[in-house]
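Thank you all for coming; please have the sequence and the structure open while I talk. I will go slowly and explain each term when it comes up.

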Amino acid sequence: ALGDESWTVRTAAEVKSGELSGSSLLFLGLQQPLSRSLFARPDHPATGFTLDVRRHPLNPELTAVLVSTSSRAETAAVAHKLSHYGKFSLLHFAAGRNTRQETAASESGLRFVIDQPPAGAAVAALNPFAAIIDRLAGSRVVHVGETHTSMADHHLQLQIIEALHRQDPDLAIGMEMFPTTSQEALDRYTTAGELDEPGFLKTSRYFQVWSYDYRFYREIINFARSRRIPVIGLNLEQEVVSTVFKTGSVDALPEEVRKSLPPDRDLGMPGYADWLATFHDMHANAGPDGGSVGGFIQAQALWDETMATNIAAYLNRHPGRRMVVLAGSQHSRKDRGIPPRLQRRLPLTQATILNIAEGDNSLELAEMADYFFVSPPQYLPPAAKMGIILDSRQEGKSPSLRISGFSPESGADEAGLRKDDILLTVNDQPVRDMDDVRIALLDAKSGDKVKVTVERSERKGEQPTKKQIVFKLITPAEERPHP
């Protein structure tokens, strides 16, 4: 197929990342940044000549070819022979002699799942919780996947952390939920004990960096605080992921950000690009800001590779320490998530655990995990809301919140609140931004009474007055889960 195309030869420095998805690719040498951003460092022999033909991970209709050689002589010895090996996808030559030839399984054609038999296991093979914890003693990294809105998953994570800490207290917790820029706040809260909970939530920017209800993770983080267990932020800034997704490449990122990204990013793991393409297509109509499938694949790979890089860096700095990694179930997959990317950087023993009680993971369980649990369902009560629409304002150096409307279910307006009131306190806690409101209502329940203080100007030009109003909190609409 390569012979049917018109090829343009360019140096790696002349090509932008955003150009990769539109053409078939031939990489002459594996050290260039563009090759490493798609295939990391393929396992080619250090000597001889290797030709490796693969699917283009950003465009499955196209081809990518990786060529590595240890010398000009090795290349010259095989150049005239390659046309005789057209049916093979991987070839290796030593001193001109062919020593390896492989043909990758074809993925062409249409596939239809007529019937998917369920997976099963012998009951006799099931192990109690303590026995599995004992078997985890030899794993330096334990990945516990989650559906972010499953309380049963988070309770299982806490149980595993508690058990592994009893087994060996030299433990750290790595969390997808925090970027590395939140690390100082994590340290000050969990190991130094310098911050209280509201201060931690504000300083870590929790409500900006992670959109899920903090109560899902509260017991885990507070257990870490009580035992002085380090909690490590593994992620990169959401803005980086969003930019790559929307623009289709890393080219739009500032130079210093591009230089900080992991150079070796493997998008070619079996099934990785296909699954992400399917997931992208399912959500292609979700909004106007959606990016291309190639951008989505690159963004997700950056996510996985960054977390693997940060785990490896931390464990290298703490050679005797183990880590429990909390991340989404797809990020935790042992076949193509964080684990193989971590193994590429730091050879060590790992194990992946999934809870299948509330997720549909059973069909791929053998590929995804080493151990599974079937936990009883648990439910987090819906977060209580005031039913007030608030606009953030900035007057000089003082931020404030103005009431701009009310939800249909809210009783706040009937209780006496008005549009254009300025919200000052919630249950006697001063509030200046939305983080303050979320923190003030963290332990509140739907149906509880809430007391708010507002500032109101009855007439233009008159001195504003303060009003105290009490009303009931309401139950919000149900949130959609995300794996």
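**A pair of strands, two cavities and a few loops**

Let me begin with one pair of residues, isoleucine 173 and its bridge partner valine 231, the latter in strand β8. Strands, and helices too, are here DSSP runs numbered from the N terminus, where a helix is H or I with at least four residues and a strand is E with at least two. The two strands β7 and β8 run parallel to each other and are paired over 4 bridges, and to call two strands paired, DSSP must find at least two bridges between them.

Before going further, please keep in mind that this is a predicted model, in which local features need pLDDT of at least 70 and side-chain atom pairs count only at pLDDT 80 or more, whereas totals for chains, interfaces and linings use all residues. Residues are numbered from 1 along each chain as its sequence is written, and side-chain values use heavy atoms, with hydrogens and water left out.

Is β8 enclosed by the rest of the structure, or open? Since 5 of the 5 residues of β8 are buried, this strand is largely enclosed by the rest of the structure. Buried means under 20% relative accessible area, exposed means over 50%, and partly exposed lies in between, all with a 1.4 Å probe and protein chains only.Now to the chain as a whole. The chain contains 16 helices and 17 strands, and its C-alpha atoms fill a box of roughly 90 × 60 × 50 Å along the principal axes. Of its 483 residues, 46% are buried. The accessible surface of the chain is about 25100 Å², with 51% of that belonging to carbon and sulfur atoms; such areas come from the Shrake-Rupley method with a 1.4 Å probe, and for residues only the protein chains shown count as cover. If we take contacts between residues at least 6 apart in sequence, 64% of them join residues at least 24 apart, where contact means heavy atoms within 4.5 Å.

Next, the empty space inside. Rolling a probe the size of a water molecule over the atoms shows where empty space is left. On a 1 Å grid over the protein atoms alone, a cavity is a set of points where a 1.4 Å probe fits but cannot get out, and lining residues have an atom within 4 Å of a point. Grid points are joined across faces, edges and corners, and a volume is the space filled by probe spheres set on the points. How many cavities of 30 Å³ or more are there by this rule? The count is 2.

The largest cavity holds about 90 Å³ of space, and its lining includes Glu176, Phe178, Trp210, Leu236 and Trp303. Two elements, β7 (171-179) and α9 (238-247), give two or more residues to this lining, and the largest share, 4 residues, comes from β7. By class, the lining of the largest cavity has 8 nonpolar, 2 polar and 2 charged residues. In this scheme Ala, Val, Leu, Ile, Met, Phe, Trp, Tyr, Cys and Pro are nonpolar, Asp, Glu, Lys and Arg are charged, and the others, Gly among them, are polar.

The second largest cavity holds about 30 Å³ and is lined by Ser37, Val250, Arg265, Leu267 and Gln298. Here the classes come to 2 nonpolar, 2 polar and 1 charged.

Arg265 also appears in the surroundings of arginine 36, which touches Leu30, Gln31, Arg41, Pro263, Asp264 and Arg265 when residues up to four places away in sequence are not counted. Arginine 36 sits in helix α1 (residues 33-39), and this arginine is buried, with a relative accessible area of 14%.

Let us move along the chain to a hairpin. Strand β12 (residues 388-395) and strand β13 (residues 398-406) pair in the antiparallel sense over 8 bridges, and within that pairing aspartate 391 stands opposite arginine 402 of β13. There are 2 residues between the two strands of this hairpin, and glycine 396 in the turn has a positive phi of about 70°. On from there, β13 is joined to the antiparallel strand β14 (residues 422-426) by 2 bridges, with leucine 401 having leucine 423 of β14 as its bridge partner.

That glycine brings me to backbone angles. Most residues other than glycine have a negative phi, and most peptide bonds are trans. Which value of phi does arginine 228 have, although it is not a glycine? Its phi is positive, at about 55°. Arginine 228 lies in the loop between α8 (215-227) and β8 (231-235), and is partly exposed, with a relative accessible area of 44%. Aspartate 428, again a residue other than glycine, has a positive phi near 70°. This aspartate is found in the loop between β14 and β15 (429-430) and is exposed, with a relative accessible area of 51%.

I will finish with serine 457, in the loop between β16 (449-456) and β17 (465-472). Apart from its neighbours within four places in sequence, serine 457 is in contact with Glu462 and Pro464. Its C-alpha atom is separated by 65 Å from that of arginine 55, which is 402 residues away along the chain.

Terms used: On a 1 Å grid over the protein atoms alone, a cavity is a set of points where a 1.4 Å probe fits but cannot get out, and a pocket is an open set with protein on both sides within 12 Å along at least five of seven lines; lining residues have an atom within 4 Å of a point.
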